Amino acid sequence: MTRVLVAYGSRRGSTAEIAGWIGETLRGQGLETEVADAGSVRDVTAYDAVVLGGALYAGHWHKDARRFARRHAAALSGRPVWLFSSGPLDRSADEAEIPPVPQVARASEALGAVGHRTFGGRLARDAKGFITARIAERTGGDYRDADRVRAWAREVAERVATGHRTEV
């Protein structure tokens, strides 16, 4: 059976939840799937494919996702890898493809990623922290589209199952 790792970097749990939706969808498509915090993954050699995601904060990809990409680049060589980002606090990710931020673009190149997708983010209106609370007052809310995430995950599952390395 094909084994897939869905690793994520998440500060407030929103990206972790997206990773969970992806994992559930991949399992539903018959793939043996593990979902894990990117910072806790020590070895990727047991996986046939990897989906790596990270939250976006002020145009930066979560540090655990960046570190995962650097730490495991050699081991992932030759394996299909997909990347995702979450973070826009509006509906822009649903309206058009958002290109990866520079850190994600570098990780994509280093990993030879098959593709990247940006999904909307979530920020609770009562979020704590001076700057975060100010942002939450203006744009707080849940902008994630679970159906869109699951549709993308089904496309990834199809590519993994058939061995195609075309972008989704």
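Select V50 first in this predicted model, and display its contacts beyond the neighbours within four places in sequence: they are L5, F68, L76, P80, V81 and W82. Keep V50 on screen, since the next selection grows outward from this residue.

Now extend the selection to the largest nonpolar core, which has 22 residues, and in which L5, V50, L52, W61, F68 and L83 are those with the most contacts inside it. To see where this core is drawn from, colour by element: β1 (3-9), β3 (49-57), α2, β5 (81-86) and α4 each give two or more residues to it. Helix α2 gives the most, with four residues. In soluble globular proteins, nonpolar side chains tend to be buried together. A second core of 21 residues, separate from the one just visited, can be shown in another colour, and its members include Y8, W21, V51 and W152.

Turn next to the pair of helices α2 (residues 63-76) and α4 (residues 102-111), whose axes come within 9 Å and cross at roughly 10°. Because of that angle, α2 counts as roughly parallel to α4. The crossing of α2 and α4 is left-handed. For the side chains at this contact, select R66, A69, A73 and L76 on α2 together with Q103, A107, A110 and L111 on α4, since these are the residues through which the two helices meet. By type, the residues of this contact divide into six nonpolar, one polar and one charged.

Stay on helix α2 and pick D64, which is found in that helix. Is D64 buried or exposed? With a relative accessibility of 18%, D64 counts as buried, because the cut-off for that class is under 20%. Not counting residues up to four places away in sequence, D64 touches G9, D37, A38 and G39. Add R11 to the view as well: D64 and R11 are 53 residues apart along the chain, and their C-alpha atoms are separated by 9.7 Å.

Move on to P100, in the loop between α3 (92-95) and α4. Its relative accessibility is 35%, and P100 therefore counts as partly exposed. When neighbours within four places in sequence are left aside, the contacts of P100 are A105 and H116. A distance label between the C-alpha atoms of P100 and G59 should read 9.6 Å, for two residues that lie 41 residues apart along the chain.

From G59, step to A58, which belongs to the loop between β3 and β4 (60-61). What is the sign of phi at A58, a residue other than glycine? The value is positive, near 50°. Most residues other than glycine have a negative phi. A58 is also exposed, with a relative accessible area of 82%.

Finally, zoom out and colour the whole protein by secondary structure, where six helices and eight strands should appear. Followed along the sequence, these elements give the pattern β-α-β-β-β-α-β-α-α-β-β-α-β-α. A surface colouring by accessibility would set apart the buried residues, which make up 49% of the 168 residues in the protein. In a contact map restricted to a separation of 6 or more, residues 24 or more positions apart account for 77% of the contacts.

Methods. Residues are numbered from 1 along each chain as its sequence is written. This is a predicted model: local features need pLDDT of at least 70, side-chain atom pairs count only at pLDDT 80 or more; totals for chains, interfaces and linings use all residues. Side-chain values use heavy atoms; hydrogens and water are left out. Axes are lines fitted to C-alpha atoms, for helices over the stretch in contact, and angles run from 0 to 180 degrees between N-to-C directions. Angles under 35 degrees count as roughly parallel, over 145 as roughly antiparallel, 65 to 115 as roughly perpendicular and the rest as oblique. A crossing is left-handed if the near helix is turned anticlockwise from the far one by less than a right angle, and right-handed if clockwise. Contact means heavy atoms within 4.5 Å. Ala, Val, Leu, Ile, Met, Phe, Trp, Tyr, Cys and Pro count as nonpolar, Asp, Glu, Lys and Arg as charged, and the others, Gly among them, as polar. A nonpolar core is a set of buried Ala, Val, Leu, Ile, Met, Phe, Trp, Tyr and Cys residues joined through side-chain atoms within 4.5 Å. Buried means under 20% relative accessible area, exposed over 50%, partly exposed in between (1.4 Å probe, protein chains only).
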